[in-house]
Amino acid sequence: MKQVFTRVAVKVGSNVLTRRDGTLDVTRMSALVDQIAELYKSGVEIILISSGAVASGRSEVSPQKKLDSVDQRQLFSAVGQAKLINRYYELFREHNIPVGQVLTTKESFGTRRHYLNQKNCMTVMLANGVIPIVNENDTISVSELMFTDNDELSGLIASMMNVQALIILSNINGIYNGSPSNPDSSVIREIEHGKDLSNYIQASKSSFGRGGMLTKTNIARKVADEGITVIIANGKRDNILVDLLQHPDETLCTRFIPSNEPVSSVKKWIAHSEGFAKGEIHINKCATEILNSENAVSILPIGITRIEGEFEKDDIVRIMDFQGNQVGIGKVNCDAKQAKEAIGKHGKKAVVHYDYLYIE
């Protein structure tokens, strides 16, 4: 059944935008811009998350000496990002559509203030008819602070900007029920909430990107749980974007069915902030059972058994059950010292209030 989407995030992977030799596939890029322009002119707001900077730069620069992976990434992305955004600018200008560059880092999502600053920037752009083109700022990112890949970034952007659909364009048609190279395998067309895909997903990485289908699936699940439709499709297929939105039933792809339960903006931010966790709050069996129930609850000191890590008020922490399994992520109301002093006590204020608690 056709859904009408008015705001969509589109993530284009490196393997869609580059040829086998690592050079930019300008023909494919032009075709994607034509499709985005068609959707834009039909009234759909588009946020484009585009890989390709490093691959783009790789074909332009020959290093004087051997570089380590971080130096290489910084060099190629600095040159490649300029080339990439300039190409997008020229292609969209042919359609009289203005675009703007948004370069971000993982750290920029670590605090609520920075998160909202980025959201405001892109909201203003969309309100003025400008298409944001988003990429990680690889020139200043270092390995431990990088996104897993642009799939992770696209999930954050989709969640932050309250899009109705996130379309992840890769170089295969979707998630298969076997190896994509096996002729007996077929694409799983719809994935309901809770469906186990562990037997189908291969952990192999893409040749030019940092991620793989496992990353895409994990991100897709989290974003769909927040009420956003997620589609994984083949970006090398002709007219794929227009077909996905205008002829969804006939277009080959994998579609993750979104949850019907609304998630607040703050909880969406917290859900994607696990990488910034400064500590752990361990809770007892009773608190675990209550947390897993339908009731809205906060993390109270009476249910806490152990605090790990050094965190300050408003930091992100992991919530661990009585067996040591992670069950949630939250923003704390106090620092680690105050939380330790309150462990097991009645009548104390919540260490993590329900409004700032995301249950996985």
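**Exercise 1.** In this predicted model, locate Lys11 among the strands, and decide whether Lys11 is buried or exposed.

*Solution.*
Step 1. Lys11 is placed in strand β1, which spans residues 7-12.
Step 2. The relative accessibility of Lys11 is 4%. The cut-off for buried is under 20%, so Lys11 counts as buried.
Step 3. Beyond four places in sequence, Lys11 touches several residues, among them Ile49, Asp151, Ile167 and Lys216.
Step 4. The unreviewed UniProt entry lists Lys11 under "binding site".

**Exercise 2.** Give the strand order of the open sheet, and explain why one side of β3 and of β6 is without a neighbour.

*Solution.*
Step 1. Eight strands form the open sheet in the order β3-β4-β2-β1-β5-β7-β8-β6, and the pairing is mixed.
Step 2. β3 (99-104) and β6 (190-191) are at the edges with a single partner strand each, so each has one side without a neighbour in the sheet.
Step 3. Within the sheet, β5 (165-170) pairs with β7 (229-234) in the parallel sense, over six bridges. In this pair Ile167 stands opposite Ile231.

**Exercise 3.** Which strands do helices α2 and α7 lie across?

*Solution.*
Step 1. Helix α2 (26-41) lies across β1, β2, β4 and β5, at about 155° to β2.
Step 2. Helix α7 (213-225) lies across β1, β5, β7 and β8, at about 155° to β7.

**Exercise 4.** State the bounds of domain 1 and domain 2 and what separates their centres.

*Solution.*
Step 1. The domain assignment gives 7-263 for domain 1 and 277-359 for domain 2.
Step 2. Taken over C-alpha atoms, the centres are separated by 34 Å.

Terms used:
Residues are numbered from 1 along each chain as its sequence is written. This is a predicted model: local features need pLDDT of at least 70, side-chain atom pairs count only at pLDDT 80 or more; totals for chains, interfaces and linings use all residues. Side-chain values use heavy atoms; hydrogens and water are left out. Two strands pair if DSSP finds at least two bridges between them. Helices (H or I, at least four residues) and strands (E, at least two) are DSSP runs, numbered from the N terminus. Contact means heavy atoms within 4.5 Å. Axes are lines fitted to C-alpha atoms, for helices over the stretch in contact, and angles run from 0 to 180 degrees between N-to-C directions. Domain bounds come from an automatic or database domain assignment. UniProt positions are given in the numbering used here, feature names are shortened, and annotations may be inferred rather than shown by experiment. Buried means under 20% relative accessible area, exposed over 50%, partly exposed in between (1.4 Å probe, protein chains only).
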